[in-house]
Amino acid sequence: MRAHARGPFSLLSGDDSFVMSAADEQSLTPREQVEYTELRATIRERGTARICIFAAGLAVWGALTVATAALASTPLATLLPLLVLAAVFEAIFALHIGVERIGRYLQVFYETSGGVAGPAAVTRSWEHAAMSFGRPRGAVGVDALFTIIFVLAAVFNVAPALILEPTRAEQVFVGGAHALFVVRLVAARAGARTQRAVDLARFRELQERRTPNG
């Protein structure tokens, strides 16, 4: 099989996959070629799945919340839609973390020359460009974890419990569960902000261990 140059771009044509780069002339094995293509596809698919899970999960949660408000006889019933809401968020968070980690892996092992990023190594390299881009002044911010929506959903979720005039014990139990969910949202958002740097440092450490001169 013909060897291809190692780099960040994939051009698919029929049954052939070519990974092209002028930055690194190191040969790309068939396994590495397939790995790069599949990981890029995984990033695309998980990004789409995250939005679909959010939309579908919010719809299911909304239906459960309405049913709880109409039929529940105890404030503890609001814990069921809260559990669904938490499960939806955890699925979205896991997909987000996975996608970011794959991106950092590609950045270190496929977008660097010999594991060292330099001017030539980062030419036309999406992961390097995306991480360096940051959030310019005036740019529109995007909440990849939909945390604001989840916080609002948690507030709406506790409303049926208040309508049922809960006892002190029920207020503490139900309110505490919702508060823990909000704390989880805040902690996950804070962790996601630093994840890229942490994962990048870890993958660079692993790359140095693999490099004979490292």
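I will go through the confidence, the nonpolar cores, the aromatic pairs, one helix packing and two backbone angles of this predicted model.

Let me start with confidence, since the rest has to be read against it. The mean pLDDT of the protein is 80, and 71% of its residues reach 70 or more. Confidence is highest in helix 2, at 93, and lowest in strand 2, residues 9-13, where the mean is 40. There are two stretches I would ask you to keep in mind: over residues 1-25 pLDDT stays under 50, although the model has 67 contacts beyond four places in sequence for them, and over residues 115-122 pLDDT again stays under 50, with 13 such contacts in the model.

Turning to the interior, the largest nonpolar core has 18 residues, and those with the most contacts inside it are Leu 85, Phe 89, Ile 92, Phe 93, Leu 145, Phe 150 and Phe 181. At least two residues of this core come from each of helix 1 (30-71), helix 2 (79-109), helix 4 (147-163) and helix 5 (168-210), and the largest share, 7 residues, is supplied by helix 2. Apart from this core lies another, of 12 residues, among them Ile 43, Tyr 105, Leu 106 and Tyr 110. Coming back to Phe 93, which is among the residues with the most contacts inside the largest core, we find that Phe 93 touches Leu 145, Arg 184 and Ala 188, if residues up to four places away in sequence are not counted.

Next, the aromatic rings, where the count comes to 11 aromatic pairs. In one of these, the ring centres of Phe 54 and Phe 150 are 5.8 Å apart and the planes stand at 70 degrees, so the pair is edge-to-face. The pair links distant parts of the chain, with Phe 54 in helix 1 and Phe 150 in helix 4, 96 residues apart, and both Phe 54 and Phe 150 are buried. Another pair joins Phe 89 and Phe 181, whose ring centres lie 6.4 Å apart with the planes at 90 degrees, so this pair is edge-to-face as well. Because Phe 89 lies in helix 2 and Phe 181 in helix 5, the pair ties together parts that are 92 residues apart in sequence. Phe 89 is buried at 0% relative accessibility, and Phe 181 is buried with a relative accessible area of 6%. These four residues belong to one aromatic cluster, formed by Phe 54, Phe 89, Phe 93, Phe 146, Phe 150 and Phe 181.

How, then, do helix 4 and helix 5 pack? The angle between them is about 180 degrees and their axes are 10 Å apart, and helix 4 and helix 5 are therefore roughly antiparallel to each other. On the helix 4 side the contact includes Phe 150, Val 151 and Ala 154, while helix 5 contributes residues including His 178, Phe 181 and Leu 185.

Finally, the backbone. Most residues other than glycine have a negative phi. Phe 146, however, has a positive phi of about 55 degrees although it is not a glycine; Phe 146 sits in the loop between helix 3 (126-133) and helix 4, and at 19% relative accessibility it counts as buried, the cut-off being under 20%. Glu 165 also has a positive phi, near 50 degrees, and its place is in the loop between helix 4 and helix 5, but Glu 165 is exposed, with a relative accessible area of 69%.

How values were computed. Residues numbered from 1 in each chain as written. Predicted model: local features only at pLDDT ≥ 70, side-chain atom pairs only at ≥ 80, totals over all residues. Heavy atoms only, no water. Core = buried A, V, L, I, M, F, W, Y, C linked by side-chain atoms within 4.5 Å. Buried < 20%, exposed > 50% of the residue type's maximum accessible area, 1.4 Å probe, protein only. Helix = DSSP H or I, 4+ residues; strand = E, 2+ residues; numbered from the N terminus. Contact = heavy atoms within 4.5 Å. pLDDT = per-residue confidence, 0-100. Phe/Tyr/Trp six-rings, centres within 6.5 Å; stacked < 30°, edge-to-face > 60°. Axes fitted to C-alpha atoms, helices over the stretch in contact; angles between N-to-C directions. Parallel < 35°, antiparallel > 145°, perpendicular 65-115°, else oblique.
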